[in-house]
Amino acid sequence: MTDMSKHMRKVLSDVPTLKVFDFSQYVSKIPGIIKFTIGEPDFDTPADVKEAAIKSIENNRTHYAPQRGTTGLLTAIADTLAKKYGLHYDPKTEILVTNGVTEGIYSALTAIINPGDVVLVPTPTFSIYSPDVMIAGGVPVEVDTSATNFKLTPELLHKYLTKYGDRVKGLILVNPSNPTGIAYRQDEINELAELLKNKPIFTICDEIYSELNYDGEYSSMAKVLPEQTILANGLSKSYAMTGWRIGYLCAPAKVTSLIFKVHAFAVTDIATFVQDAAEAALRDGDKATRQMDQQYIKRRDYMYRRLTEMGFDCTQPMGAFYIFAKIPPFLNQDDNELIYQLANEAKVAVTAGSNFGRGGEGYLRFSYATSLEQIKEGMDRLARFCEQAKNK
Ligand code: PLP
């Protein structure tokens, strides 16, 4: 009898995304529930961007695309990174267009990991990294940052570099972060860079929320240690283009050349009309992004105030569109049980913190990628639930 891969079975047996999927199936059957679980903009893709794709299809740009990306998009990415962030990458050799950040990070990890290599994954964090590392044959080591305001500190990094020594091949840095909404300052990143410099370690920077960084300047490992950085970014969040599947990777030429081969075997290329739309977004889409940002800021401020008033201890949200809130003592402390209670009794859906790895237990993630009206109604429901719980 033929059997499936034991390795893959083991890797995928307990990934949190499956639990999240079960919960989302469950809540989809509850009429009128308000969802704070959404991990994507509730806005539509800007009209100009959609028009660019339509025009591209009409011009029959529907054949195989260059596998690294179209010259137009690669150049637009290089120009955008230079103009906005002061980063300089050669569009011909140091940038690669990917099927979203998700594929970019998968291909990058596959290309750098040898069997048994350790990749440090500060948690709580988005759920793709550890499974990706395991699929590539590496060992993800979660670094719990809950005691350090959800940031990797030099002390923590030093501790883990000492513990795992030569086995460490990579570090994942998500900035701003899903699920915690924290963003690193450049001086904090510089301190981490000091510890990584000249070591055979890559930092894989997931900067998908770089345009949703409300309070701070752009900060990145790519500014200080570009030779050891693999930068992943994309248009899903900043231009409301999740379904288009478009992202990119930037790294030194010798690094992208192997990642490119993994990408080419797995994905081939990204549809030309999607790349044309992305080019239009990067060239002219800033206004739309800023308008979305204004909405997110209003929602964040409102939600943060309401949750704090209810007794949730919330991490100051600086970027992305999430608030990571500690469950107050008067509610069920088991986040996986509480989300079902909230769904059934308050008709509010949120994501359990433990789905995001070590240090997330006892927290809830609230997404504010939904309208202010929905947020107001959802917060009212939650406030009533909290009052009842206090009076029990
Ligand atoms: N990285 C982070 C931190 C995310 O939160 C998400 C989506 O929620 C992604 C990557 C997925 O990005 P993409 O749509 O570009 O694959």
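Modeller: A helix here is a DSSP run of H or I with at least four residues, and a strand is a run of E with at least two; both are numbered from the N terminus. By that rule, residues 33-382 are 42% helix and 16% strand. The end C-alpha atoms of this span lie 12 Å apart.

Colleague: What makes residues 33-382 a unit to report on?

Modeller: An unreviewed UniProt entry places "domain: Aminotransferase class I/classII large" there. UniProt positions follow the numbering used here, feature names are shortened, and annotations may be inferred rather than shown by experiment. Residues are numbered from 1 along each chain as its sequence is written. The model is predicted: local features need pLDDT of at least 70, side-chain atom pairs count only at pLDDT 80 or more, and totals for chains, interfaces and linings use all residues.

Colleague: How do you know which residues surround the ligand?

Modeller: A residue is near the ligand if its C-beta atom, placed from the backbone, lies within 6 Å of it. There are 13 in the shell, and the closest are Gly100, Val101, Thr102, Asn178 and Ser236. Helix H5 (residues 100-112) gives the most, with three residues.

Colleague: What kinds of residue make up that shell?

Modeller: Ala, Val, Leu, Ile, Met, Phe, Trp, Tyr, Cys and Pro count as nonpolar, Asp, Glu, Lys and Arg as charged, and the others, Gly among them, as polar. The shell then splits into four nonpolar, eight polar and one charged.

Colleague: Why is Thr71 called partly exposed?

Modeller: A residue is buried if 20 or more other C-beta atoms lie within 10 Å of its own, exposed if 12 or fewer, and partly exposed in between. Thr71 has 13 such neighbours, so it falls in the middle class. Thr71 sits in helix H4 (residues 71-85). Pro91 is 20 residues away in sequence, but 7.8 Å away in space, C-alpha to C-alpha.

Colleague: Asn198 and Ala240 both have positive phi. Is Asn198 buried or exposed? And Ala240, buried or exposed?

Modeller: Asn198 has 8 other C-beta atoms within 10 Å, so it is exposed. Its phi is near 65°. Asn198 lies in the loop between helix H8 (186-196) and strand S6 (202-206). Ala240 has 23 such atoms, so it is buried. Its phi is about 50°, and Ala240 lies in the loop between strands S7 (229-234) and S8 (247-250).

Colleague: How do you know that helix H11 (residues 272-284) has the expected span?

Modeller: The expected span is 1.5 Å times one less than the number of residues. For the 13 residues of H11 this gives 18 Å; the end C-alpha atoms are 18 Å apart, so the two agree.

Colleague: And why is H11 called largely enclosed?

Modeller: 11 of its 13 residues are buried, so the rest of the structure largely encloses it. Among them are Phe273, Gln275, Asp276 and Glu279. Contact means C-beta atoms within 7 Å, placed from the backbone. The buried residues of H11 pack against helix H3 (47-58), H4 and strand S2 (95-98).

Colleague: What puts the buried residues of H3 on the same side?

Modeller: Those residues are Val49, Ala52, Ala53 and Ser56. They cover an arc of only 95° around the axis, so they share one side of H3. The arc is that of the directions from the helix axis to the C-beta atoms. The face turned away carries exposed Ala47, Glu51, Ile54 and Glu58. H11 is part of what covers the buried residues. Just after H3, Asn60 takes a positive phi of about 60°.

Colleague: Which residues of helix H14 (residues 372-391) are buried, and which side do they take?

Modeller: Ile375, Gly378, Met379 and Leu382 are the buried ones. Their arc is only 100°, which puts them on the same side of H14. On the other side, Glu373, Arg384, Glu387, Gln388 and Asn391 are exposed. Cover for the buried residues includes strand S1 (34-35), helix H12 (286-310), helix H13 (335-346) and strand S11 (348-349). H14 reaches 29 Å over 20 residues, close to the expected 28 Å.

Colleague: Where are the cis peptide bonds at Pro124 and Pro176?

Modeller: One joins Thr123 and Pro124, with omega about 0°. Pro124 lies in the loop between strand S3 (118-123) and helix H6 (129-135). Another joins Asn175 and Pro176, with omega about -15°. Pro176 lies in the loop between strand S5 (168-174) and H8.

Note on methods:
Two residues are in contact if their C-beta atoms, placed from the backbone, lie within 7 Å.
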